[in-house]
Amino acid sequence: MSQEQADFAEFYQGSRDDCLRTVLAAVRDVDKAQDLVAEAFARAWASWRRVGRHPAPRAWVVRTALNLSVSSWRRHRRELPLMDHDEPAHGLASSLIDTELVAVLQRLPARQRQVVALRIFLDLDTAQTAEVLGIAPGTVTAHLTRALAALRTELAAYESEGRPS
Amino acid sequence: MKDADVITAVKASYAEIHMDVPLDVIVRRGRRLRAHRRLPGLAGAAGAAAALALALAALVPGSGRATAPENSTGTGRLAAWTVVSQRDGGVKVALRGSRIRDVAGLQDKLRGDGIPARVARIGYLRPPLNVPGCQVLRDWSSGPGGISKTLWLKIFYGPHTGQQSNHAFWVYRSAIPPGLGVLVDIYYDGTFGLYTVNASPQCTGT
């Protein structure tokens, strides 16, 4: 294994779960998130000499995956359903993410979910989050404040009643 | 409840989510992307040749069998895939677009042309060598005992060896040894992988 591949392997092993969780929070489908993140990592490897020097390579992967998601959605809305034998294989059991808190997070508006995921799973700061999402830092702050407030309310209700409000 | 508590709770709720795609799958796919970038001229030439072949086939009856299947998923003027019989006995398969949906139609077309074929969509969660009902032969890169690169080139490219692109390939039925068939794996972005398999009713239809 070359030094370049060893560096990428270390990056992949250390980042893949956080990137998947971040993208999963945005797209809400485990299989789709896996494919998007895998494709983003493959593109990172294809351009590793550049991505490896990126100040935030994990953010690069997530941004690429989210861009792929948007492109994919634009294509799929014009396409036919899968044939019977084309059903994608199922990797993770959906029960793994079927928790109350995840359900609460999934009910947030898309942009709020993205901001929360980038801040929580990738530990990006406001400026980096803004760059990944292509929005203003002030907008990131506003989304994060609203998202955390909503999550706090839901969690408090859950803790007091044993279920989300 | 403080923000830090919310963040901790959210993190904990995703703790069991793990990326299952093996590193080698990512690396192989990355290499394919790199190779594609290195071949813009070849890919462009192949695309132009395919377009020309299609145009000629459409304009000149009998100059070759061009198939734009009724149930293919082309969204514009061109079908998502086309199979064009060649004068030298091979068939040329051209793929367009990033999502080739009608893989069953392509498979039926290849089988209709007498090729023991299986066409499958693969994803990162469905490794290319794990196609239900198929026994995929190892290739030369896996070590001794697999199919040789020479034979692989004869089956899939024949006289067009050196014209490999990510959007077109050929199949030469006469080069397929008895008992074997071909597997075409369609990737996430519409590119493909070409393999040989043991022919069987479950895998290749014959």
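**Close-up views of a predicted two-chain model**

**Figure 1. Surroundings of His143(A) in helix H8 of chain A.** Residues up to four places away in sequence being set aside, His143(A) touches Arg111(A), Gln112(A), Val115(A) and Ile135(A). The model shown here and in the following views is predicted. His143(A) belongs to helix H8, which spans residues 137–161 of chain A. The relative accessibility of His143(A) is 15%, and because the limit for burial is under 20%, this histidine counts as buried.

**Figure 2. Packing of helices H1 and H6 in chain A.** Two packed helices are described by the angle between their axes and the distance between the axes. Helix H1 covers residues 3–27 of chain A and helix H6 covers residues 110–121 of chain A; their axes come within 8 Å and cross at roughly 165°. An angle over 145 degrees counts as roughly antiparallel, and H1(A) and H6(A) are therefore roughly antiparallel to each other. The crossing of H1(A) and H6(A) is right-handed. On the side of H1(A), the residues in contact are Asp18(A), Arg21(A), Thr22(A), Ala25(A) and Ala26(A); on the side of H6(A), they are Arg113(A), Gln114(A), Ala117(A), Leu118(A) and Phe121(A). By character, the residues of this contact between H1(A) and H6(A) divide into five nonpolar, two polar and three charged.

**Figure 3. Cys19(A) and the setting of chain A.** Cys19(A) has a relative accessible area of 0%, so this cysteine is buried. Chain A as a whole has eight helices and zero strands. Along the sequence, its pattern reads α-α-α-α-α-α-α-α. Of the 165 residues in chain A, 50% are buried. Contacts in chain A between residues at least 6 apart in sequence include 64% that join residues at least 24 apart.

**Figure 4. Contacts of Val10(B) with chain A.** Val10(B) is placed in helix H1 of chain B, which runs over residues 3–13. With neighbours within four places in sequence left aside, Val10(B) is in contact with Leu101(A), Leu105(A), Ile120(A), Phe121(A) and Leu151(A). Phe121(A) also appears in Figure 2, where this residue of H6(A) takes part in the contact with H1(A). Val10(B) has a relative accessibility of 0% and so counts as buried.

**Figure 5. The disulfide between Cys134(B) and Cys203(B).** The sulfur atoms of Cys134(B) and Cys203(B) lie 1.9 Å apart, and the two residues form a disulfide. The torsion about their S-S bond is about 95°, so the disulfide is right-handed. Distant parts of the chain are linked by this pair, the two cysteines being 69 residues apart. Cys134(B) is in the loop between strand S4 (117–121) and helix H5 (149–156) of chain B, whereas Cys203(B) is in the segment after strand S7 (192–198) of chain B. Both Cys134(B) and Cys203(B) are buried. The count over all chains comes to one disulfide.

**Figure 6. The setting of the disulfide within chain B.** Chain B contains five helices and seven strands. Read along the sequence, these elements follow the pattern α-α-α-β-β-β-α-β-α-β-β-β. Chain B has 206 residues, of which 50% count as buried. Where contacts in chain B involve residues at least 6 apart in sequence, 53% join residues at least 24 apart.

Definitions and conventions: Residues numbered from 1 in each chain as written. Chains lettered and ligands numbered in written order. Predicted model: local features only at pLDDT ≥ 70, side-chain atom pairs only at ≥ 80, totals over all residues. Heavy atoms only, no water. Disulfide = S-S within 2.5 Å. Helix = DSSP H or I, 4+ residues; strand = E, 2+ residues; numbered from the N terminus. Buried < 20%, exposed > 50% of the residue type's maximum accessible area, 1.4 Å probe, protein only. Axes fitted to C-alpha atoms, helices over the stretch in contact; angles between N-to-C directions. Parallel < 35°, antiparallel > 145°, perpendicular 65-115°, else oblique. Left-handed = near helix turned anticlockwise from the far one by under 90°. Contact = heavy atoms within 4.5 Å. Nonpolar A, V, L, I, M, F, W, Y, C, P; charged D, E, K, R; others polar.
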